[in-house]
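Reader: Before I rely on the labels attached to this model, I would like to hear the reasoning behind them. Could you take me through it step by step?

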Amino acid sequence: MKEPLVFAYYCSGHGYGHATRVSAFARHLIDLDSRMTIHIVSSAPKHVFNDSISLGVLYRFAEIDPVIVQPVAYRVDRRRSVEALRSFLARKDSLLEQEKQWLVDIQADCVLSDAAFLGCLAANVTGLPSILVSNFTFDSVYSFLSTRFVDQDDSPSEDELSIDDHTSDYPISDEELKPLVQQIYYGYRCADLLVRLPGCIPIPSFSISPSLPAPPWTDQGSNTLLDEIVAHLVQKPSTHVLHSSIPFANSHPKKPFSRSIIQAPLLVRGITKGLDTVYSPIGRSRFLSSLGVPEHLHNPDETKILIVSFGGQVFRKPTSSRGSSSGHSTPGYKTRQIDLPAELRQIPDSPRTSKIPPCSALGKLDMPCHCHNSSIIKPELSSTFDNLSAMLTKTESCFKNNDNVTRSYLDTLVPSVSHKILDDAVDNFDTRLLPDPSWIAIVCGVSRWGQDEADEKPPDRFFVAPKYVYMPDLTAVADVLLGKLGYGTVSECVDSCTPFVYVARPLFVEEHGLKLLLAREGVGIELPRAAYEAGDWASVVEEAWSLGRDAKAEMRMKGRLGVDMNKRDKEGTLLAGQVTDWVRAWHDSITHTAEDDFRDR
C-alpha cells in the first residue's frame, strides 16, 4: 500500500476526556512515523490538541456529533438532550455526504473515531476501514436516559436558590429513544476494530451481550452496575462474541477482516518533558510561579494543593474587605477536624486504594477495590454555597440561529451571582472548603475573577490558573483534585497518583466504568452533591489526601529521579504500532485479493 498513512481522526466535542486522549494517541502515532498525516476533526477547541498539533497534526473544526445537555457539570437535562439528538439526526445525511467527500479529498487510508458515530458511518460509505477508540459509545449514553433512576435532590426551601433551577428529572420512554438510538448504534456497527480504553462500559455495537437498552445494566434503585456486567467488563475482549461486520457498498471491495477488539493501555497526556519537570523542585517552583502562587507556598512538604476543576467560571469579588491570595489563613480560622475510620481495609498487592461503592463481582474476580462507605454527614443546604457551586460548575448551551442545534463548549463562561452571595461564601471559605491553613486551592477553567473586565483579586489562599493551563502539569503538582467524574480527569489523576474527589453524574452511564478504573488503579472518593453544593469539602479532601499521600509521595520521588517517566509513551507507541500494522494489513489484503481476481479472469 502507499506510504505514509493518512488518518482522519474524528473526536467528539462532548467534554475534555475525548480531546485529551485523541491528542495523546495522535502524538503516539506521529512519534511512530513522523511522515504520517493525521487530521483531527472535532468541535472541541483547537487549543486542547496543542501538544499533538505542535508535532504536525492537522485540525479541522466540524460539528460531527450531538451533545448531552448538562445545565451544570454533573447534571443531565434528559429532554433537551433528546431534542439535541433529534436535531442532529435531522442533518445526518447532509453531514455524511460532506464527510464522505472530504475523506476522498484528503485520500484517507483509515478513519479513527473517539465516540463520534458519524466518522464510522462516513468511513463505511467511502469504503475505508474505521477504528473506534473509546471506553464508551453514545448509543449507550442516550439509551440510559430511559433509566428509572431519578436524579433529584431534596427541594430547596423557599428562601434558598437552586444551583441551576433545573426542571424535574423524568425518564424518557424507551419507545421514544429506541429509533433515535438505533441510528447511532448502526453508525458504530460500521466500525471494524474496537480499541477499548480502560474505564470502559459495555460496547453493544461490538459485543452481542450485554445489549441495549442500557438501563438493565444497572440496579435502577441504587444506580450501580450489576455483578454480571462487571464480570463482562473484566473479561478479556477475546472471549466476547461479536456482531458481524457491516459490509461496504457494492462498489467497494469486500472487507478482508472480521471485527475484533484490542484492549488498550491508558491513553493520557503526560507532563511537560524537559530537564526540570514539575516533579523537580525547580520545575515545580517555576510552574507554580506562573500561576501566581508565591514562593513560600511552593514546598510540597509544607503546602498542600487542591485543584478545583469544573469548567468555565466567572467570579465576582466580595464587597467586604478581604486580603488577596497570600497563602495566609483568615484570622479566627479554626481547622476542621475529621475522624477517619479507625481501620482502612487494605487490598494486598494494591499500592493505592479507592472508596467506591461495593461490588461483589470485583471481589470474585480478584480485582483490588477499597469499598467501605464514606462517613459523610449530609450537610445542611444553604443558598450561599448553592450559588458558589453554581459558579464553579454551570455550563452554557448555545443555540445556533440557523439550525437550532444545541452545542456545549469547553470554554463557556458562567454568569456571576450577586455581590452579597459571594461575599457570604468567601467569609466561609476557610472553614468549610479547605481542611487547614496548610492548604491552598487553584481553580482552573476560570476566565476571570470578577466581571466587566475588572482586575479583581481572588480570596485568601485561592488562585486562578490561566485559561489554557496544561492540565497534566497542574494535576501532577496537586495533592488532591476536586471535579466531575470524566475520563480526562480520571486518567490524569491515575497517571500522576493524585487523589480524586469527584461529584458524580448519575445519569451519565460512562461513570460506572470510570469508577471501576479508580477502584483498580487510583484513589477516588465521591463527594455527595449535597456536600459539594453546601461547600462542605474539607473533610473529604483531607480523607482523600490521607488515602493517597503515600502513593503521591512515591510518584513525586520517581518523578524527581526520572524513574518510569516514559511508561505511558512506551505503551502508547506499542498500541500505535498495533493499529498501523492492522491498517496496512487491511489494505495489503484488499490489494492482493484484487490482484488474484485479475489473474483469474
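Author: In this predicted model, the chain's secondary structure comes to 19 helices and 17 strands. Of the 601 residues in the chain, 59% are buried, and among contacts between residues at least 6 apart in sequence, 76% join residues at least 24 apart.

Reader: What makes β3 and β9 the edge strands of the sheet?

Author: The sheet is an open one of seven strands, in the order β3-β2-β1-β4-β5-β6-β9, with parallel pairing. Strand β3, residues 58-61, and strand β9, residues 260-263, each pair on one side only, and these are the edge strands. Neighbouring strands of this sheet are turned by 20° against each other on average, with direction ignored.

Reader: How do you know that β6 pairs with β9?

Author: Pairing requires at least two bridges between two strands, and four bridges join β6, residues 193-196, to β9, so the requirement is met. The two strands run parallel, and Leu194 stands opposite Ile261 in β9.

Reader: Which helix packs on the sheet, and which strands does the helix touch?

Author: Helix α1, residues 16-32, packs on the sheet, where α1 touches β1 (6-11), β2 (37-42), β4 (110-114) and β5 (130-134). The direction of α1 makes about 165° with that of β1.

Reader: Why is Ser309 called buried?

Author: The limit for a buried residue is under 20% relative accessible area, and Ser309 has 16% relative accessibility, so Ser309 counts as buried. Ser309 lies in strand β10, residues 304-315, and, leaving aside its neighbours within four places in sequence, is in contact with Cys444, Met471, Leu482, Gly483 and Lys484.

Reader: What makes the meeting of Glu3 and Arg584 a salt bridge?

Author: The criterion is a side-chain nitrogen of Lys or Arg within 4 Å of a carboxyl oxygen of Asp or Glu; the side chains of Glu3 and Arg584 meet at 2.6 Å, N to O, and the pair therefore qualifies as a salt bridge. Because Glu3 lies in the segment before β1 and Arg584 in helix α19, residues 567-600, the pair ties together parts that are 581 residues apart in sequence. Glu3, at 40% relative accessibility, counts as partly exposed, a class that runs between under 20% and over 50%.

Reader: Which other salt bridge does Asp33 make with Arg584, and is Asp33 buried or exposed?

Author: Asp33 forms a salt bridge with Arg584, with the closest N and O atoms 4.0 Å apart. Here too distant parts of the chain are linked, since Asp33 is in the loop between α1 and β2 and Arg584 in helix α19, 551 residues apart. With 11% relative accessibility, Asp33 counts as buried.

Reader: How do you know that both partners are buried in the salt bridge between Glu492 and Arg269?

Author: Glu492 has 4% relative accessibility and Arg269 has 6%, and since buried means under 20%, each residue falls in that class. The closest N and O atoms of this salt bridge are 3.5 Å apart, and the pair links Glu492 in helix α15 (residues 487-496) with Arg269 in the loop between β9 and α9, 223 residues apart. Elsewhere, salt bridges that share partners join Glu3, Asp33, Arg35 and Arg584 into one network, and the structure holds 25 salt bridges.

Reader: Why is the aromatic pair of Phe88 and Phe117 called edge-to-face?

Author: A search of the whole structure finds 17 aromatic pairs. Rings pair if their centres lie within 6.5 Å, and planes over 60 degrees apart count as edge-to-face; Phe88 and Phe117 are 6.1 Å centre to centre with 75° between the planes, so both conditions hold. Phe88 is in helix α3 and Phe117 in helix α5, 29 residues apart. Phe88 is buried at 0% relative accessible area, and Phe117 is buried at 2%.

Reader: What makes the pair of Phe500 and Tyr502 tilted?

Author: Their ring centres are 5.8 Å apart and their planes stand at 50°, which is neither under 30 nor over 60 degrees, so the pair is tilted. Phe500 and Tyr502 are both buried. One aromatic cluster is formed by Tyr74, Phe310, Tyr532 and Trp537.

Reader: How do you know that the charged end of Lys304 sits over the ring of Trp545?

Author: The distance limit is within 6 Å of the ring centre, and the charged end of Lys304 is 4.9 Å from the centre of the Trp545 ring, over which it sits. Arg259 likewise lies over the face of Phe206, at 3.8 Å from the ring centre.

Terms used. Residues numbered from 1 in each chain as written. Predicted model: local features only at pLDDT ≥ 70, side-chain atom pairs only at ≥ 80, totals over all residues. Heavy atoms only, no water. Axes fitted to C-alpha atoms, helices over the stretch in contact; angles between N-to-C directions. Contact = heavy atoms within 4.5 Å. Buried < 20%, exposed > 50% of the residue type's maximum accessible area, 1.4 Å probe, protein only. Phe/Tyr/Trp six-rings, centres within 6.5 Å; stacked < 30°, edge-to-face > 60°. Lys NZ or Arg CZ within 6 Å of the ring centre and 35° of its normal.
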